[in-house]
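Student: I've got a new model open on my screen and I'd like to learn how to read it. Can you walk me through a few features?

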Amino acid sequence: MRDKILKSVESLEQSLIDLTSDLIRFPTINPPGEAYTPCAEFIGERLRKRGFSVEFARGEGTPGDTDRYPRTNVVARIEGNRPGACVHFNSHIDVVEAGEGWTLDPFAGIVKDGRVYGRGACDMKGGLAASIIAVEAYLEACPDFPGAIEISGTVDEESGGFGGVAYLASKGYFSKPRVDHVIIPEPLNKDRICLGHRGVWWAEIETKGEIAHGSMPFLGDCAVRHMGTVLEAFERDLFPALDRKQTTMPVVPEGARRSTLNLNSIHGGQTDDFRPGLPSPNVPDWCRLTIDRRFLLEEKIEDVKGEVVEILDRLKRERSKFDYEIRDVMEVRPTMTERDAPVVTAVAEGIRAIFDREPDYVISPGTYDQKHVARIGHLFDCIAYGPGILDLAHRPDEWVGIQDMIQSAQVMAIGLDLLLHGTAR
Ligand SMILES: [Zn+2]
């Protein structure tokens, strides 16, 4: 049976190449959320012809959803001929902007030297195409299967996934009994299984001051100088403390195997709007810093927040007139699927069969849609596995290797067979 499945994938190589190119030609740039509907309809049409029942679900009222830019998701499902588990392949259809530095058209779907080029080729239209081909090949080789198979194309992953997987999860699309196992074909390299991701806490810290004439700053209170002391305290106390927090999570790259903090942006006083004139001479009465803290399974969110608040409170005690506000912007808990979870062992078996080696088990430094499957759907049998080289994501001249897509489609098809039948055949 396994041979039949592998050959079936191989026979669909041209179809896989064409599908990847076709998907890249929809410029599904997010923001603003361009071309979501035609792209979702294209996927739905294809799968309907192959016997799937197809639903379109618009993330109404989610961030960015308008009649000009509707958040259109597609979910396709095919039932087996007897009851059993449901395996769901979820891919995001949105891509980030092309940006500068391309030597070829980012939305032409150019095929060259064994690769398909374009924005989203790697992240993650190549993965979406590979999963569709894996399923189509599987249906050809094994039309008699138990359970059900689902394929979804969802929006907005690049901006948090609120109109996509989060929305669908809130409607029950990512929960039992509808779905049992979820594979997200993000570009994590074809021989690695991504079990989850670190957590995120974004917050905005504002220091307060008092406006005065810039020639007599002693009459006011400079919010930017207050922020300077916050940065100093972070440098002295927080960054070294974070460096010391190591994790047992197998995060890649290794530099991210600890707590990290990015100072995302800082603004204070008058805005840049005065250009091309001059600013007026004022003492700034506000300064805002956005922080992006990535945390570990070993950490509690309360402690993550607490160590920042402790520094700010200390400054308040020690420094005259220092006052601040802190606002949460976003928080996502870390998640890590167990290594002996069914979806992990099934895909691992696929990797052994195709590459004759043990898979690497990794954790992503940043989050992806698995967070919504876990937190909203309460479904923990979920991984990211797909072709595409992680480092190429979001870069100019992004590409995905055709051989990589074929092999990872074979891995997915073997994993699918194991999950549906429960045993190797
Ligand atoms: Zn992605």
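Tutor: Let's go through domains, strands, one residue and one helix. Keep in mind that this is a predicted model.

Student: Which domains does the protein chain have?

Tutor: The assignment gives domain 1 as 2-197 + 334-421, and domain 2 as 199-332. Their C-alpha centres lie 37 Å apart.

Student: How many residues of domain 1 are in contact with domain 2?

Tutor: Eight, and they meet twelve residues of domain 2. On the domain 1 side, strand 14 gives the most, with three residues. That side divides into six nonpolar residues, one polar and one charged.

Student: Now strand 8. Which strands does strand 8 pair with, and in which sense?

Tutor: When you read a strand, look at its partners and at the direction they run. Strand 8 (residues 192-197) pairs with strand 14 (residues 360-364) in the parallel sense, over five bridges. G196, for instance, has I363 of strand 14 as its bridge partner. Strand 8 also runs antiparallel to strand 13 (residues 335-336), joined by two bridges. There, H197 is partnered with T335.

Student: How many residues of strand 8 are buried?

Tutor: Five of the six, so strand 8 counts as mostly covered.

Student: And a single residue, say I406: buried or exposed?

Tutor: Count the neighbours. I406 is buried because 24 other C-beta atoms lie within 10 Å, and the cut-off for buried is 20 or more. I406 sits in helix 10 (residues 402-421). Leaving out residues up to four places away in sequence, I406 touches V9, E10, E13 and L16. Take E13: 393 residues separate E13 from I406 in sequence, yet their C-alpha atoms are 6.9 Å apart.

Student: Why would a helix put certain residues on one side?

Tutor: An α-helix has 3.6 residues a turn, so residues three or four places apart point the same way.

Student: Which residues of helix 6 are buried, then?

Tutor: A223, H226, M227, V230, L238 and L242. The buried residues of helix 6 pack against strand 9 (199-208), strand 10 (260-268), strand 11 (286-295) and helix 7 (301-318).

Student: What span should helix 6 have, and what do its end C-alpha atoms give?

Tutor: Use 1.5 Å a residue: the 22 residues of helix 6 (residues 223-244) should span 32 Å, and the end C-alpha atoms are 31 Å apart, which agrees.

Student: Where is the kink in helix 6 centred?

Tutor: On F234, with a bend of about 45 degrees.

Technical notes:
Residues are numbered from 1 along each chain as its sequence is written. This is a predicted model: local features need pLDDT of at least 70, side-chain atom pairs count only at pLDDT 80 or more; totals for chains, interfaces and linings use all residues. A residue is buried if 20 or more other C-beta atoms lie within 10 Å of its own, exposed if 12 or fewer, and partly exposed in between; C-beta atoms are placed from the backbone. Helices (H or I, at least four residues) and strands (E, at least two) are DSSP runs, numbered from the N terminus. Two strands pair if DSSP finds at least two bridges between them. Domain bounds come from an automatic or database domain assignment. Two residues are in contact if their C-beta atoms, placed from the backbone, lie within 7 Å. Ala, Val, Leu, Ile, Met, Phe, Trp, Tyr, Cys and Pro count as nonpolar, Asp, Glu, Lys and Arg as charged, and the others, Gly among them, as polar. The expected span of a helix is 1.5 Å times one less than its number of residues. The bend at a residue is the angle between axes fitted to the seven residues ending there and the seven starting there.
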